[in-house]
Amino acid sequence: MALDILAMAPLYQAPAITRIGPKTDPSKRPADPLKPLVPSRTKLTTIEAKRIMSILDEAINKVELVTLLSHVASNREDVEGVLGEDIMRAVREHEDLCQVLLENVRCLKEKERQLQEQEEAEEEGWLRDRLLSIELQRSSLSPLTQQIKDSTKNVLRLLLSNPQAARLLQMQTQSRSAEAQNFIDSLIELRGFLFEKLVTSPMEARDKAQFIQDINRQNSNNQQIIDTLENELAERMKNRNAEEELEDLEAVHREEKIALEELKRRHKVLVEEFVQIREEREINSKKRMEAEQEMVRMVRAATLIQAFWKGYLVRSLLRSKKKRGKGKAKGKEKGKQKGKEKDKGKK
């Protein structure tokens with residue numbers, strides 16, 4: 001969709017931009033009372049999330065390249081040896097199509113302006129012919145628009161197939177229009193929002209929503225108290241009579257400041273309690289998972305020991321049966337031999 005929008009706009013020039021700046025050292029950052037609002041994960045873990053971010057990054061990269069084509073068109077001699085003949089030919093064709101489109105749009109607007117100026121003075125037949133001419137010219141813009149879209153895709157295909165040329169093109173960029181820069185900045189901002197959404201777990205999303213709801217509720221209550229105090233102060237200021245009353249107002253103001261400080265202190269305590277409860281939940285959850293894993297290991301170990309013990313009992317039983325069988329066989333053979341010896345003696 002971004003490419004379709006850019007294909008319809010004039011070519012722009014601008015320097016390459018850095019998508020995301022380097023992060024500061026966490027050890028040097030001050031304590032953040034809004035830490036519960038920050039996701040615990042900093043990297044994408046699912047294939048679907050990585051694919052989504054990859055698609056968005058690819059779109060941003062293509063938008064950056066498309067907004068640099070006018071630099072190529074206006075500096076052909078400087079970049080022709082770097083980008084190659086195929087890319088330069090595609091850029092020239094794309095530039096010609098854009099110029100034709102802009103000229104047709106300009107002519108169409110001029111005809112519409114003339115039609116509005118002469119609508120009351122001319123005859124009905126002339127107006128009908130003029131309207132038909134405008135409609136025909138407007139209908140011719142659609143095929144030309146499609147040609148520009150196809151031309152944009154062709155230029156991008158050639159640039160992406162030559163990464164070195166794409167990098168050199170970004171290095172040679174001198175300026176980019178404010179409109180194109182704002183559009184790219186918006187895409188990068190969208191990337192940041194999407195990344196934060198993808199790294200936030202459902203539990204963190206619920207905690208964040210609950211935290212924001214609690215803070216909003218507390219702020220609403222505080223605002224109601226402040227509004228009430230301000231209304232009371234306004235009423236007293238209306239009814240005050242000179243200096244006895246000025247002192248009273250000053251006292252009320254001091255009380256209000258004390259009450260406001262107390263509300264701020266309570267709000268800070270609530271934030272700290274929420275953070276502590278959240279940390280305790282995370283610790284308890286971690287301990288519970290470790291205990292479950294330890295129980296699984298113990299069950300597996302017990303199962304393995306039982307299996308070895310059963311195997312040992314079976315083997316012992318088989319050995320004992322085998323020994324008894326051999327003993328009986330030997331006794332039978334000895335009995336047969338004694339019988340044979342008795343028979344010989346009788347003979």
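Met 295, Met 298 and Val 299 come together as a nonpolar patch on the surface of this predicted model. Taken together, these three residues offer about 300 Å² of accessible area. Met 295 has its place in helix H11, the helix that covers residues 243-346. The same stretch of sequence also holds a charged pair. Arg 297 and Glu 294 form a salt bridge, and their closest N and O atoms are just 2.4 Å apart. Both of these residues sit in helix H11, three residues from each other, which is about one turn of the helix. Arg 297 counts as partly exposed, with 47% relative accessibility. Glu 294 is partly exposed too, at 36% relative accessibility.

What does the rest of the protein look like? It's helices and no strands: eleven of the former, zero of the latter. Reading along the sequence simply gives one α after another, in the pattern α-α-α-α-α-α-α-α-α-α-α. The protein has 347 residues, and 23% of them count as buried. Its accessible surface comes to about 25800 Å², and carbon and sulfur atoms account for 55% of that. Then there's the matter of who touches whom. Take the contacts between residues at least 6 apart in sequence: 82% of them join residues at least 24 apart.

Back to charges. Side chains of opposite charge can pair when their charged atoms come close. How many salt bridges does the count come to? The answer is nine salt bridges, and the Arg 297 pair described above is one of them. Another belongs to helix H11 as well: Arg 278 bridges to Glu 282, with 3.5 Å between the closest N and O atoms. Because Arg 278 and Glu 282 are four residues apart in helix H11, about one helical turn separates them. Which partner is buried and which is partly exposed? Arg 278 is the buried one, since its relative accessible area is 14% and the cut-off for buried is under 20%. Glu 282, at 42% relative accessibility, counts as partly exposed.

A pair of this kind also turns up in helix H2, which spans residues 47-66. There, Glu 58 forms a salt bridge with Lys 62, and the closest N and O atoms lie 3.3 Å apart. These two residues are four apart in the helix, so about one helical turn lies between them. Here Lys 62 is buried, with a relative accessible area of 18%, while Glu 58 is partly exposed at 41%. Salt bridges can also join up into something bigger than a pair. Glu 262, Arg 265 and Arg 266 do this, being linked in a network of salt bridges.

Next come the rings. A pair of aromatic rings is described by the distance of the centres and the angle of the planes. Searching the whole structure turns up two aromatic pairs. One of them is made by Phe 211 and Phe 274: the ring centres are 4.8 Å apart and the planes meet at 40°, so the pair is tilted. Phe 211 belongs to helix H10 (residues 202-239) and Phe 274 to helix H11 (residues 243-346), so the pair ties together parts that are 63 residues apart in sequence. Are these two rings' residues buried or exposed? Both are buried: Phe 211 has a relative accessible area of 3%, and Phe 274 has one of 18%.

Helix H10 also holds Met 237. Met 237 counts as partly exposed, at 44% relative accessibility. Its C-alpha atom is separated by 7.3 Å from that of Leu 249, a residue twelve positions away along the chain.

Last up is a polar residue in another helix. Thr 145 lies in helix H7, which covers residues 141-160. What lies 2.7 Å from a polar atom of the Thr 145 side chain? That would be the backbone oxygen of Leu 141. Thr 145 counts as buried, because its relative accessibility is 14% and buried means under 20%.

Definitions and conventions. Residues numbered from 1 in each chain as written. Predicted model: local features only at pLDDT ≥ 70, side-chain atom pairs only at ≥ 80, totals over all residues. Heavy atoms only, no water. Buried < 20%, exposed > 50% of the residue type's maximum accessible area, 1.4 Å probe, protein only. Contact = heavy atoms within 4.5 Å. Areas by Shrake-Rupley, 256 points an atom, 1.4 Å probe, with all protein chains shown as cover. Polar contact = N/O pair within 3.5 Å; in protein donor to acceptor, adjacent residues only side chain to side chain. Phe/Tyr/Trp six-rings, centres within 6.5 Å; stacked < 30°, edge-to-face > 60°. Patch = residues over 30% accessible without salt bridge, like charges linked within 9 Å, V, L, I, M, F, W, Y side chains within 5 Å. Salt bridge = Lys/Arg side-chain N within 4 Å of Asp/Glu carboxyl O.
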